[in-house]
Amino acid sequence: MAEEDSSQEKTEEPTQKRIDKAREDGQVPRSRELTTSAILLGGTIGLFTLGPYMSQRLLDIIRFNFVLEREAMFDPSYMIRHLTHSFGDALWSLVPLFVILVVVSILGPIALGGWLWSTKAMAPKASRMNPMEGLKRMFGVKALMELVKALGKVILILSLAIVLLKMMQQDMLDLARQAVKPAIVDSMLIAGWAAIALAAITMFIVLLDVPFQIWDNSRKLKMSRQDIKDEMKDSEGKPEVKGRIRQLQREMANNRQLAAVPEADVVITNPTHFSVAVKYDPDNMNTPIVVAKGADFFALKIREVAKANDIQIMESPVLARAIYHTTEVDQEIPAGLYMAVAQVLAYVFQLRNYRRGKGERPPYPRKIKVPKDMQFDV
């Protein structure tokens with residue numbers, strides 16, 4: 001696509017080509033807040049749900065490490081095997097939580113913008129190392145939004161923390177009067193629910209950030225009218241080139257039609273504005289077909305070729321206009337013109353026999369009837 005003209009205001013919606021190219025370059029709406037909140041919320045819920053399982057596995061590891069058989073004291077390699085076994089058990093106890101975090105960390109980014117793998121997004125760009133561009137980013141709309149989000153997170157989390165402390169104050173004070181084991185369980189419950197609540201409150205920031213990221217990405221993709229014109233030139237070619245191609249195509253089509261005129265049985269004319277060449281082979285055709293047609297200069301060329309090849313030319317303005325407007329080249333004559341064309345062909349075939357010395361000269365068909373719905377003034 002042509003380089004963008006920054007002097008023009010970008011007011012037009014992006015074309016599909018612009019959107020696809022931006023996606024190839026890795027430019028899609030992304031929300032770091034959505035990813036962060038998803039990981040925090042998924043991690044805290046996973047930790048809260050898997051806590052009993054993980055604590056039991058870790059408790060077993062502690063017991064395993066505090067129980068030492070007498071024979072092991074005389075085996076120098078036993079400590080290494082002991083440590084390896086404990087490390088493996090600890091790792092496997094954390095695997096379910098790691099799986100949850102990995103899944104959430106993948107689903108979080110693709111929830112907005114979809115799945116995308118672009119090496120162009122990772123490629124170094126000179127604009128990122130330009131100090132002036134850096135200043136623009138620091139004091140731009142996006143930087144202001146980041147500042148607002150940061151302040152919002154601090155205010156929300158601090159406010160919720162104060163509310164949670166007031167709500168759970170009595171529960172936390174009651175821990176001092178409980179036995180050790182129930183107190184540990186209750187303290188873990190309090191901490192777990194508080195962590196989930198603090199992680200969930202960040203979703204309010206996400207509700208503000210996601211629409212902003214969509215708007216900001218759409219704003220960056222907007223195009224000026226010159227951008228759209230340049231894109232159309234790149235994708236469809238310049239108007240001058242397209243015009244020249246169309247001209248060559250017309251010339252080729254006209255040449256094919258002129259080459260088919262010598263095979264026609266008759267050329268029906270307007271007599272000056274239109275010419276249509278009709279062919280009929282009773283042995284191979286059900287109905288007559290148009291092998292060439294033209295208006296003005298090309299109509300004259302058809303008549304010249306017909307004269308040079310001794311093709312019968314007949315003047316019938318109404319029928320010539322009717323065939324020209326209703327029938328394309330290499331198409332059959334429409335049913336409404338069967339009788340009119342049959343009159344012309346009958347005259348041509350009889351005249352051809354007369355010139356060969358067979359039969360009498362046929363009268364010229366002066367009243368060729370064309371249906372009113374197939375009559376054209378021009």
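**Exercise 1. Surroundings of Gly-294**

Which residues does Gly-294 touch, not counting residues up to four places away in sequence? Locate the residue in its element and decide whether it is buried or exposed.

*Solution.* The structure is a predicted model.

Step 1. Gly-294 belongs to strand E3, which runs over residues 289–295.

Step 2. Buried means under 20% relative accessible area. The relative accessibility of Gly-294 is 5%, so this glycine counts as buried.

Step 3. With residues up to four places away in sequence left out, Gly-294 touches His-273, Phe-274, Ser-275, Ala-299, Ile-302 and Tyr-324.

Step 4. A C-alpha to C-alpha distance of 9.2 Å separates Gly-294 from Ala-277, and the two are 17 residues apart in sequence.

**Exercise 2. The geometry of H13**

Determine whether the end-to-end distance of H13 agrees with its number of residues, and on which side of the helix its buried residues lie.

*Solution.*

Step 1. H13 comprises 18 residues, and at 1.5 Å a residue these should span 26 Å. The C-alpha atoms at its ends are 25 Å apart, which agrees with the expected span.

Step 2. The buried residues of H13 are Ala-340, Val-341, Val-344, Leu-345, Tyr-347, Val-348 and Leu-351. They cover an arc of only 155° around the axis, and therefore lie on the same side of H13.

Step 3. The spacing follows a general rule: an α-helix has 3.6 residues a turn, so residues three or four places apart point the same way.

Step 4. The cover over the buried residues of H13 includes E1, E2, H12 and strand E4 (312–315).

Step 5. Just after H13, Gly-357 adopts a positive phi of about 90°.

**Exercise 3. The nonpolar cores**

Identify the elements that build the largest nonpolar core, and state which of them gives the most.

*Solution.*

Step 1. The largest nonpolar core holds 22 residues. Those with the most contacts inside it are Val-266, Ile-268, Leu-319, Ile-323, Leu-337, Val-341 and Val-344.

Step 2. Two or more residues of this core come from each of strand E1 (266–269), strand E2 (274–279), helix H12 (317–326) and helix H13 (338–355). H13 gives the most, with 7 residues.

Step 3. Val-341 touches Val-278, Pro-288, Leu-319, Ile-323 and Ile-333, again without residues up to four places away in sequence.

Step 4. There is also a second, separate core of 15 residues, which includes Val-261, Val-291, Val-305 and Ala-306.

**Exercise 4. H2 and the second largest pocket**

Describe the lining of the second largest pocket and state how many residues H2 supplies to it. Then examine Ser-37 of the same helix.

*Solution.*

Step 1. The second largest pocket contains about 490 Å³ of space. It is lined by 15 residues, of which Leu-47, Gly-51, Pro-52, Ser-55 and Met-188 are the closest to its centre.

Step 2. H2 and helix H7 (180–201) each supply at least two lining residues. H2 gives the most, with 8 residues.

Step 3. Ser-37 also lies in H2, which covers residues 32–66. With a relative accessible area of 2%, Ser-37 is buried. Beyond four places in sequence, Ser-37 touches Thr-202, Met-203 and Val-206.

**Exercise 5. The chain as a whole**

State what share of the residues in the protein chain is buried, and what share of the contacts with a separation of 6 or more joins residues 24 or more positions apart.

*Solution.*

Step 1. The protein chain has 13 helices and 4 strands.

Step 2. Of its 378 residues, 30% are buried.

Step 3. Among contacts with a separation of 6 or more, 74% are between residues 24 or more positions apart.

Note on methods. Residues numbered from 1 in each chain as written. Predicted model: local features only at pLDDT ≥ 70, side-chain atom pairs only at ≥ 80, totals over all residues. Heavy atoms only, no water. Core = buried A, V, L, I, M, F, W, Y, C linked by side-chain atoms within 4.5 Å. Buried < 20%, exposed > 50% of the residue type's maximum accessible area, 1.4 Å probe, protein only. Contact = heavy atoms within 4.5 Å. Expected span 1.5 Å × (residues − 1). Arc of directions from axis to C-beta. 1 Å grid on protein atoms, 1.4 Å probe; cavity = no way out; pocket = protein on both sides within 12 Å on 5 of 7 lines; lining within 4 Å. Points joined across faces, edges and corners; volume = space filled by probe spheres on them.
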